[in-house]
Structure formats: C-alpha cells, structure tokens
Amino acid sequence: MTTSLALSVSSAEADERSTAAAPASLSRGISSLLAQDNPTRGSMTCDRFPRVCRASGSPGPDCCRRQCVNVMSDSQNCGQCGTKCRFGQACCGGRCVNVMYDPKNCGGCKKRCKKGTFCQYGMCSYA
C-alpha cells in the first residue's frame with residue numbers, strides 16, 4: 001500500500017520559485033564558463049609564463065618548481081634548480097660556499113679577508 005500526497009501550487013508560486021532559483025544557477029554557469037575560457041584567470045606561474053620572473057619586483061629571473069628565484073643567490077636552488085646548500089653554506093655566485101671558513105666569502109658573499117689573514121667562524125683573523 002502506497003500513499004502519495006499532492007499539494008496544489010498556484011502558477012504564481014511556481015513562477016516565483018523558478019525565477020528565484022534561476023539567478024543562482026545562471027551565475028554558477030557563467031563563472032564556470034569564465035574559468036574554462038580564461039586559463040590565466042588562475043595563478044600565473046612561471047612554468048606557463050616564464051616572463052613573469054623578469055618583471056620588476058620579482059624575486060629572480062629563473063623559474064624553479066613554479067617559483068621565481070635567482071639561482072645565483074638562492075641557497076635552495078644554487079646554480080641550478082634543486083641544488084641545495086648545506087648547513088653553514090651560502091649560495092655565492094651560483095656556488096655553495098662555506099662562509100664560516102672561506103677567505104673570499106668570510107661571513108657572507110664577497111666579503112674578502114685581507115691578504116695574509118684567514119677566515120674562522122665567519123670572521124677574518126679571529127683569535
């Protein structure tokens with residue numbers, strides 16, 4: 001045995017319901033259409049648009065793993081993408097150097113110790 005309940009809805013109420021639901025579904029359809037037609041609407045990553053990295057204010061001119069970096073100074077991508085410098089090292093000119101003991105880069109990149117001195121603990125002639 002089945003029972004069904006039928007409610008009578010006037011045509012004015014039916015029209016009101018359909019127009020209330022239409023703008024929500026219409027706007028949903030338009031936004032999905034825009035997202036499909038415009039691929040740049042999402043995030044502009046350098047793997048798809050490499051010129052983004054050369055823009056002013058960019059962290060660097062190179063693209064590594066969808067991020068703009070400078071491989072000449074980035075310790076996570078030193079010299080090339082994915083080359084990480086070890087602890088105590090810095091990326092100087094695209095090479096990982098130990099800034100604690102390197103007399104040409106003592107304490108930081110391009111900080112030379114004077115002739116005849118040595119670099120120890122990131123300081124020239126530490127004693």
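Here are some questions and answers to help you find your way around this predicted model.

Residues are numbered from 1 along each chain as its sequence is written, and side-chain values use heavy atoms, with hydrogens and water left out. Local features need pLDDT of at least 70 and side-chain atom pairs count only at pLDDT 80 or more, while totals for chains, interfaces and linings use all residues.

Q: Which pattern does the chain follow, read along the sequence?
A: The secondary structure comes to one helix and six strands. Helices (H or I, at least four residues) and strands (E, at least two) are DSSP runs, numbered from the N terminus. Read along the sequence, the pattern is α-β-β-β-β-β-β.

Q: What percentage of the 127 residues in the chain is buried?
A: Buried means under 20% relative accessible area, exposed over 50%, and partly exposed in between (1.4 Å probe, protein chains only). By that rule, the buried share of the 127 residues is 19%.

Q: How many disulfides does the structure hold?
A: A disulfide is a pair of cysteine sulfur atoms within 2.5 Å. Cys-46 and Cys-63 make one such pair, with their sulfur atoms 2.0 Å apart. In the structure, the number of disulfides is eight.

Q: Why is the disulfide of Cys-46 and Cys-63 right-handed or left-handed?
A: The handedness follows from the torsion about the S-S bond of Cys-46 and Cys-63: it is about 70°, so this disulfide is right-handed. Cys-46 lies in the loop between helix H1 (11–37) and strand S1 (62–64), and Cys-63 lies in strand S1, so the pair ties together parts 17 residues apart in sequence. Cys-46 is buried, at 3% relative accessible area, whereas Cys-63 is partly exposed, at 30%. To return to the handedness, the torsion of about 70° makes the link right-handed.

Q: Where is Cys-81, the partner of Cys-64?
A: A disulfide joins Cys-64 to Cys-81, S to S 2.0 Å. With -75° about the S-S bond, this link is left-handed. Cys-64 sits in strand S1, and Cys-81, 17 residues apart from Cys-64, is in the loop between strand S2 (67–69) and strand S3 (89–92).

Q: Is Cys-113 buried or exposed?
A: Cys-113 is joined by a disulfide to Cys-124, S to S 2.1 Å. Cys-113 lies in the loop between strand S4 (95–98) and strand S5 (119–120), and Cys-124 in strand S6 (residues 123–124), so the pair ties together parts 11 residues apart in sequence. Cys-124 is partly exposed, with a relative accessible area of 35%. For Cys-113 the relative accessible area is 12%, which counts as buried.
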